[in-house]
Amino acid sequence: MGGVARRATMIKRIRAEADTVFLLLDVGNTLFDQPLALQSEGRVVVEAMNAMGYDAMAVGMLDLAKGVEVLRQRAAEARFPILSANLVSKTDGKPILAPYVVIRRHGLRYGILGVTDPDAANAPGVRQVADVLDPVETVRKLLPELRSQSDVVIVISRLGLGEDRMLARAVPGIDIIVGGKTHDLLPVPEVVGKAIITQMGYDGKWLGRLDTYLDAESQLSKPGVEIIGLTPDVPDDPELVALVASWQQRFPQPTPANP
Amino acid sequence: MIGRMLAPLLLVSILSVVGCAPNLAPTSSLLPGEQGTSMAPTATLTYDVPLPPPTATRATVAGQGSPQPQASTAVAPQSLTKLTILHTNDSRGYVDPCG
């Protein structure tokens, strides 16, 4: 299951449907953990995400596994913003990365805010240089300024499904929460208050698809979820195959025959 | 006929027991505080749910020509704009298939 080459194939297919406003988001814990990702310090993942055309990504604990400075470097190389509203510098209290981005597409403005789980402070070396602020209070504080610049507000949240439900109740004005952390594979979008909540598994095995409709006053309706399993019958995208192979040549992986 | 209808569910059941290979990374696969609950259907499934009716009006957006949606999940009137969000999470550095 999974793999960026299959994921890229499905993204290209869906992007080719010209009838829709399209956003491609990642909710973090993405850059590190597997050997090639660690050896390349996350570069293989960022290059793959650049090639797939991601629009934004949130920061989770694993994304800080090599420390804040490496994350900053990867964020500088990414052709999409890596967002965290509540990961702030210990010295000046300012966000280490962009807190949110507003993407204008087909005449509408999509405000996307990233929020990091407080556990991320436990990643190596983070407490020495950064604080992770209370996520709900941070979203509550930033929402008015983001709302004023956006027709649709989307939070990419590393808080987990239960906390996402609480966030939706606590901070009215969020339209969509795309979640992570708890590895839930939600077959149906949840609606809490007026917020749509979705989350899509783990390990890149699935690609989540949320379709919804906006009326002339940016009210959302008819949310629908599709769980896209990246099974072996999905063909590999040649560009991503070549990209991964080039990194595997630089960092050959041990095999049973060649440990 | 019934067998044909049940085939996708059988595929889901079989594939759902397939997990990723053990993590070979030099660090632990999950850092403290990370959680790992999950369910694992693997076929493409589609659902939709209604939203509550709107109770407030937000700022009107610029006039937007609405493309004819070819909904995978629902059919919308022409006056609506379709938004599709594709998303991933917790892929943990996997660039190859993981199981």
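**Exercise 1.** Which residue in strand 2 of chain B does A:Val21 stand opposite? Place the strand among its neighbours.

*Solution.* The model is a predicted one.

Step 1. Look across from A:Val21: the residue opposite, in strand 2 of chain B, is B:Leu83.

Step 2. Extend the pairing. Strand 1 of chain A, residues 21-26, runs parallel to strand 2 of chain B, and six bridges join them. Another pair of opposite residues is A:Leu23 and B:Ile85.

Step 3. Find a further partner of strand 2 of chain B. Strand 12 of chain A (residues 206-214) pairs with it in the antiparallel sense, over seven bridges. Here A:Arg209 has B:Leu86 as its bridge partner.

Step 4. Sort the side chains. In a regular strand they alternate between the two faces of the sheet. From strand 2 of chain B, B:Thr81, B:Leu83, B:Ile85 and B:His87 point one way, while B:Lys82, B:Thr84, B:Leu86 and B:Thr88 point the other way.

Step 5. Draw the conclusion. Eight of the eight residues of this strand (81-88 of chain B) are buried, so the rest of the structure largely encloses it.

**Exercise 2.** Find how many residues of strand 1 of chain A are buried, and name a strand of chain A that pairs with it.

*Solution.*

Step 1. Five of the six residues of strand 1 of chain A are buried, so this strand is largely enclosed by the rest of the structure.

Step 2. Within chain A, strand 1 runs parallel to strand 2 (residues 56-58), with two bridges between them. The bridge partner of A:Leu25 in that strand is A:Ala56.

**Exercise 3.** Compare the expected span of helix 6 of chain A with the distance between its end C-alpha atoms. Then locate its bend and its covering.

*Solution.*

Step 1. Helix 6 of chain A has 14 residues, 135-148, and at 1.5 Å a residue should span 20 Å. Its end C-alpha atoms are 20 Å apart, which agrees.

Step 2. The helix bends by about 40 degrees at A:Leu142, and the proline A:Pro144 follows within four residues.

Step 3. List the buried residues of the helix: A:Pro135, A:Thr138, A:Val139, A:Leu142, A:Leu143 and A:Leu146.

Step 4. Their covering includes strand 5 (100-105), strand 6 (108-115), strand 8 (152-157) and helix 7 (161-170) of chain A.

Step 5. Check one contact set. Among the residues that A:Leu113 touches are A:Val139, A:Leu142 and A:Leu146.

Step 6. A:Leu113 is also one of the residues with the most contacts inside the largest nonpolar core, along with A:Leu83 and A:Ile156. That core has 95 residues. Helix 3 of chain A (residues 43-52) gives the most to this core, six residues.

**Exercise 4.** Trace the chain from strand 8 to strand 9 of chain A and state the handedness of the crossover.

*Solution.*

Step 1. Strands 8 and 9 of chain A run parallel and are joined by four bridges. A:Val155 has A:Ile177 as its bridge partner in strand 9.

Step 2. The chain crosses from strand 8 through helix 7 to strand 9 of chain A, and this β-α-β crossover is right-handed.

Step 3. Strand 9 also pairs in the parallel sense with strand 11 (residues 195-199) of chain A, over four bridges. There A:Ile177 stands opposite A:Ile197.

Step 4. From strand 9 of chain A, A:Ile176 and A:Val178 point one way and A:Ile177 and A:Gly179 the other way, and all are buried.

How values were computed
Residues numbered from 1 in each chain as written. Chains lettered and ligands numbered in written order. Predicted model: local features only at pLDDT ≥ 70, side-chain atom pairs only at ≥ 80, totals over all residues. Buried ≥ 20, exposed ≤ 12 C-beta atoms within 10 Å, placed from the backbone. Pairing = 2+ DSSP bridges. Core = buried A, V, L, I, M, F, W, Y, C linked by C-beta atoms within 7 Å. Contact = placed C-beta atoms within 7 Å. Expected span 1.5 Å × (residues − 1). Bend = angle between axes of the 7 residues up to and from the residue. Right-handed = clockwise from strand over helix to strand, strands pointing away. Lists of a residue's contacts leave out its neighbours within four places in sequence.
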